[in-house]
Amino acid sequence: MAYSLRQATPRDIGQMAYLILVWDSELPGFLQMVRGDANAAQKAAEIICGPGCTTWVAEEGDKLIGAIAVNTLTSLFGFHKYGSVIGVMVLPKYRGTKFIGLRLIKKAMELKEAMGWAWLELTPWAADVNTQRVLERLGFDEALHTYILR
């Protein structure tokens with residue numbers, strides 16, 4: 001079955017919560033936010049589908065199989081608005097097939113142009129060299145290194 005992309009709506013919150021639960025469970029323990037808590041996932045989904053955040057979903061039939069959420073932020077001194085991807089989520093069964101993650105990232109790139117953002121940022125895991133290669137092919141430049149103290 002083919003999948004399609006569309007902007008998320010409030011009716012997607014339940015399925016977004018499931019996507020968030022799956023995504024969060026794959027993060028290193030110290031970075032997990034919802035830790036299997038369905039209420040926390042529901043709250044996160046409400047935020048992702050709320051004001052200030054633009055979310056696109058990939059759906060196959062009536063099932064959400066992926067999503068990308070992008071916040072609009074303002075630079076330190078208020079000179080520039082930019083987009084910050086807060087999550088690219090694709091259910092494990094659909095990864096590596098059908099280019100779902102790639103299409104979601106390209107949707108965020110279109111959003112950058114439409115919103116007139118100065119830049120779009122996306123932070124892949126340091127060990128995720130495949131995603132880094134894809135981002136470089138799409139024109140992203142490595143700009144920052146994030147260090148985390150646990």
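**Legends to the close-up views**

Among contacts in the protein chain between residues at least 6 apart in sequence, 60% join residues at least 24 apart, a contact being heavy atoms within 4.5 Å. The model shown is predicted, so local features need pLDDT of at least 70 and side-chain atom pairs count only at pLDDT 80 or more, while totals for chains, interfaces and linings use all residues. Residues are numbered from 1 along each chain as its sequence is written, and side-chain values use heavy atoms, with hydrogens and water left out.

**Figure 1. Overall fold of the protein chain.** The protein chain contains 4 helices and 5 strands, which follow one another along the sequence as β-α-α-β-β-β-α-β-α. Helices (H or I, at least four residues) and strands (E, at least two) are DSSP runs, numbered from the N terminus. The radius of gyration of the protein chain is 15 Å, in agreement with the value near 15 Å for a compact globule of 150 residues; this radius is taken over C-alpha atoms, and the globule rule is 2.2 Å times the number of residues to the power 0.38. The C-alpha trace spans about 40 × 40 × 30 Å along its principal axes. Of the 150 residues, 37% count as buried, where buried means under 20% relative accessible area, exposed over 50%, and partly exposed in between (1.4 Å probe, protein chains only).

**Figure 2. Surface and charge of the protein chain.** About 9,400 Å² of the protein chain is exposed, and carbon and sulfur atoms supply 57% of this area. Accessible areas come from the Shrake-Rupley method with a 1.4 Å probe; for residues, only the protein chains shown count as cover. There are 16 positive and 15 negative side chains, and the centres of the two sets lie 3 Å apart. Lys and Arg count as positive and Asp and Glu as negative, whereas His and the chain ends are not counted. Each charge is placed at NZ of Lys, CZ of Arg, CG of Asp or CD of Glu.

**Figure 3. The open sheet of 5 strands.** The strands are arranged in the order β1-β2-β3-β4-β5, with mixed pairing. β1 (4-7) and β5 stand at the edges, and each has a single partner strand, so one side of each lacks a neighbour in the sheet. Two strands pair if DSSP finds at least two bridges between them. Strands of a sheet pair through backbone hydrogen bonds, either parallel or antiparallel.

**Figure 4. The hairpin of β2 and β3.** Strand β2 (residues 53-60) is joined to β3 by 8 bridges, and the two strands run antiparallel. Between them lie 2 residues, and G61 in the turn has a positive phi of about 65°. A58 has G66 in β3 as its bridge partner, and T55 is bridged to A69 of β3.

**Figure 5. The hairpin of β3 and β4.** Strand β3 (residues 63-74) pairs with β4 in the antiparallel sense over 9 bridges. The hairpin has 6 residues between its strands, and G78 in the turn has a positive phi of about 75°. T72 stands opposite G83 in β4, and L73 is the bridge partner of Y82 in β4. Of the 10 residues of β4 (residues 81-90), 7 are buried, so this strand is largely enclosed by the rest of the structure.

**Figure 6. Surroundings of S84 in strand β4.** S84 counts as buried because its relative accessibility is 10%. Strand β4 is joined to strand β5 (residues 120-121) by 2 bridges, in the parallel sense, and S84 has E121 in β5 as its bridge partner. Residues up to four places away in sequence not being counted, S84 touches A69, V70, N71, L73, L120 and E121. S84 and L120 are separated by 36 residues in sequence and by 5.8 Å from C-alpha to C-alpha.

**Figure 7. Surroundings of Q132 in helix α4.** Helix α4 comprises residues 129-137. Q132 has a relative accessible area of 25% and is therefore partly exposed. Leaving aside residues up to four places away in sequence, Q132 touches P124, W125, A126 and A127. Q132 and L21 lie 111 residues apart in sequence and 24 Å apart in space, C-alpha to C-alpha.
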